[in-house]
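Biologist: I would like to learn how to read the features of a multi-chain model. Could you take me through one, please?

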Amino acid sequence: MQTISLRDVTKKYRSLTILDQVNLEIRENAITGVVGRNGAGKTTLMKMIAGFIKESGGELRVFGERPFNSLSVSANTIFIDDMMGFPDAMTLGDILVECERFYAKWDGELAKRLLEYFSLPLVLKHRILSKGKRSIFNAVVGIAARCPLTMFDEPITGMDSAARRDFYRALLKDYIAHPRTILLSSHHVEEMEDLLEDVLLIDGKGIGFHGPITELQEKFLALQGKRETLEIYANRYAVIHRSTTGPLAEWIVDNEHTEAELVALKQAGIRIAAVSASDAYLAMTGQTRGGVDDVFNAMERA
Amino acid sequence: MLEMDGDKPIYIQIAEWLEKEIIDETLKADDKVHSQYQLAELFNINPATAGKGLTILLDAELIYKKRGLGTFVSADAREKLLAKRKDRTLHRLVRELLDEAKLLGIADEQLFQIIQAERKERT
Amino acid sequence: MFSTQWSVHELAKRQFLFKLNANGPIFTMLILLQIIATVFLGGASTSGYESYDDPFSFVYSTVSNDGQIGLTLFWAFIVGFLLTSSAQRNESFAFVTNRLTFQLGNFYFFCAAALLGGVTTVLLGSVMKIITLFSDNAIIESAGLFSAPLDFFSQIYAMTVYTLLLMLIGYTIGTFIQLSRLFIMLFALIWIAVTQYSFFMLGTSAGELLHVFYGETSILLFTLKVLLLVGILFGLSFWVTNRLEVRNP
């Protein structure tokens, strides 16, 4: 069953194209990590799905309906980001009352207990919260609303590491007890990767990768060793990324080796390591360690 | 599959953890195995990933499914695992040991002595 | 395929209740403005000295709550305008809504706020009469709740309607400005044109235009005219609101 489906969906602002002819299906009750570099279009995609902004072309369906101005989509969807505004005059307790009014599956008890755990008294006003505390509050609302489609856009902004860990744990526990479709975007892939079932990589105005996280991991291998050795033995593989840490070089290569080839590499003294999903993501989007070195190297040459 | 250096994917770690539980008899024959949701909670991972770990054991027929009841340890699971360990893990370790010994220029007799000394220390 | 479904009516009602809870300060603002009007404008009582040929002369004063009326209408316009802010939209869209229920919720809110504005303004007029009665020890000849109940209620009705209209005008203008800042220019031009004596050379002064409403003596016709204008303003603002992208910086 598909919760979200896009057919050739495009989003443009005048002449600026944000997303170009995107085709995508998001399965029901899976946690999908939405990743991509700044400005890749993650937020735009999620806001279209939430019905906040309108697609410029193509066919977008959420629960089988076009989300823009759909009451049913809105009633079954919640979108959490740091732009999420609540009235200045309201206390956290007041806001929880409003949540109860609007979200059919709202669990007020859970929300209260989580806020208590995160030391957020209900009498506080939302506007006086620090950035991190505000993120925590919004995230708690997102978890307790139990919407069949729950989207978090950069939910951990400003949270300290303990709060981030607690948030991911709370989200997982509530998801196991009440499965729902979750989209979760973050730049800290390494922190959330264990939580994910699928990864959606937005790159170049479209989809760079979409599939199970294990598939993303298995796309690549990391070869570590002396650069000269690597250049002799590993040069015939498609190298996605090269980086150097001290005397050792690490190449991330396509995982398309026969067992015999790998044995040969090992015997040449090359370490073969699995690539974590976050490293695979970083390699695919050219963000791996040392990438910026190229800029300085180029300047030195000039 | 070839053994990897460094961190293994999490679902392989799950499978290995369950294998270890079977080998040290924390999980005995016909005991109920953790569900994918229990594993997900335990390891703080996505249930689908935990499910993948279980699938590895199911494919190797180390565990079996009872409809509606859950997953259970196969009667011969421990024997199978022990055999596999002997076959693969031990051989791999010996290979690595020999590689290292060659690098350091250590003769076989010297290796035996190290092993015997280590064993004495443990007992 | 949906686990939760709402009717437009039900959600508009909930959005309205949310607006009421969220916008308490708007009512505080009204009360403050009216207190200011009462205290500082002194109820705008104008005094005169009428002198006929001897031996009679007398002092009279007219009590009116024009000050409060003016301030309430000003408040109404501002409230209408305020509710089009992107913050207000983001707040509503933090919960369940579409653009129709959002607009309806706002409209219900305006109705409630206008009723409050209308009632308090007219009542304040009565309060001031009482104050004058005690301070000047004068006899007052005017329409009050007991002397002329129908007149009293028609005052409340008219005041409520004017307040609502001002809110909707503020709201419609605000909505267009949200769509494009260029509308600020357009509205400024319209304002200049309307305040000129000759309105677009048609020979109709702005006063005459407004006369369509305040000069109307039949309450039925007045209501019809108001409904027509409310419909137009609601339609215009909804035409824009229905297109607006929300929670987008």
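**Reading the interfaces and cavities**

Modeller: Let us begin with chain A and chain B, which bury about 1,900 Å² between them, 54% of it from carbon and sulfur atoms. Buried area here is the accessible area (1.4 Å probe) that two parts lose on being put together, summed over both. Please keep in mind that this is a predicted model, where local features need pLDDT of at least 70, side-chain atom pairs count only at pLDDT 80 or more, and totals for chains, interfaces and linings use all residues. Side-chain values use heavy atoms, with hydrogens and water left out, residues are numbered from 1 along each chain as its sequence is written, and chains are lettered from A and ligands numbered from 1 in the order in which they are written.

Biologist: How many residues does each chain bring to the contact between chain A and chain B?

Modeller: Contact means heavy atoms within 4.5 Å. By that rule, chain A brings 23 residues and chain B brings 20 residues.

Biologist: How many salt bridges cross the interface of chain A and chain B?

Modeller: A salt bridge is a side-chain nitrogen of Lys or Arg within 4 Å of a carboxyl oxygen of Asp or Glu. The rule finds 2 of them across the interface of chain A and chain B. A:Lys173 and B:Glu41 pair up in a salt bridge, at 2.7 Å from N to O. A polar contact is a pair of N or O atoms within 3.5 Å; within protein, one must be able to donate a hydrogen and the other to accept it, and residues adjacent in sequence count only if both atoms are side-chain atoms. Between chain A and chain B, 7 residue pairs are in polar contact, both at pLDDT 80 or more.

Biologist: Which elements of chain A supply at least two residues of the side that touches chain B?

Modeller: Helices (H or I, at least four residues) and strands (E, at least two) are DSSP runs, numbered from the N terminus. Helix 6 (161-177), helix 8 (213-218), helix 10 (259-267) and strand 13 (271-274) of chain A each do so. Helix 6 of chain A gives the largest share of that side, 5 residues. As for classes, Ala, Val, Leu, Ile, Met, Phe, Trp, Tyr, Cys and Pro count as nonpolar, Asp, Glu, Lys and Arg as charged, and the others, Gly among them, as polar. The side of chain A that touches chain B has 13 nonpolar, 2 polar and 8 charged residues.

Biologist: And what is the area buried between chain C and chain A?

Modeller: That area is about 3,200 Å², with 60% given by carbon and sulfur atoms. The contact involves 34 residues from chain C and 41 residues from chain A. Across this interface of chain C and chain A there are 2 salt bridges, and C:Arg247 joins A:Asp81 in a salt bridge at 3.1 Å, N to O. Chain C and chain A also have 18 residue pairs in polar contact. On the side of chain C that touches chain A, helix 1 of chain C gives the most, with 8 residues. The residues of that side are 16 nonpolar, 12 polar and 6 charged.

Biologist: How far apart are A:Arg101 and A:Glu98 in helix 3 of chain A?

Modeller: They are 3 residues apart in helix 3 (residues 92-102) of chain A, so about one helical turn separates A:Arg101 and A:Glu98. Their side chains meet in a salt bridge at 2.9 Å, N to O. Over all chains, the rule counts 20 salt bridges.

Biologist: Where is A:Asn69 found?

Modeller: A:Asn69 sits in the loop between strand 4 (57-62) and helix 2 (71-75) of chain A. Its phi is near 70 degrees, a positive value in a residue other than glycine.
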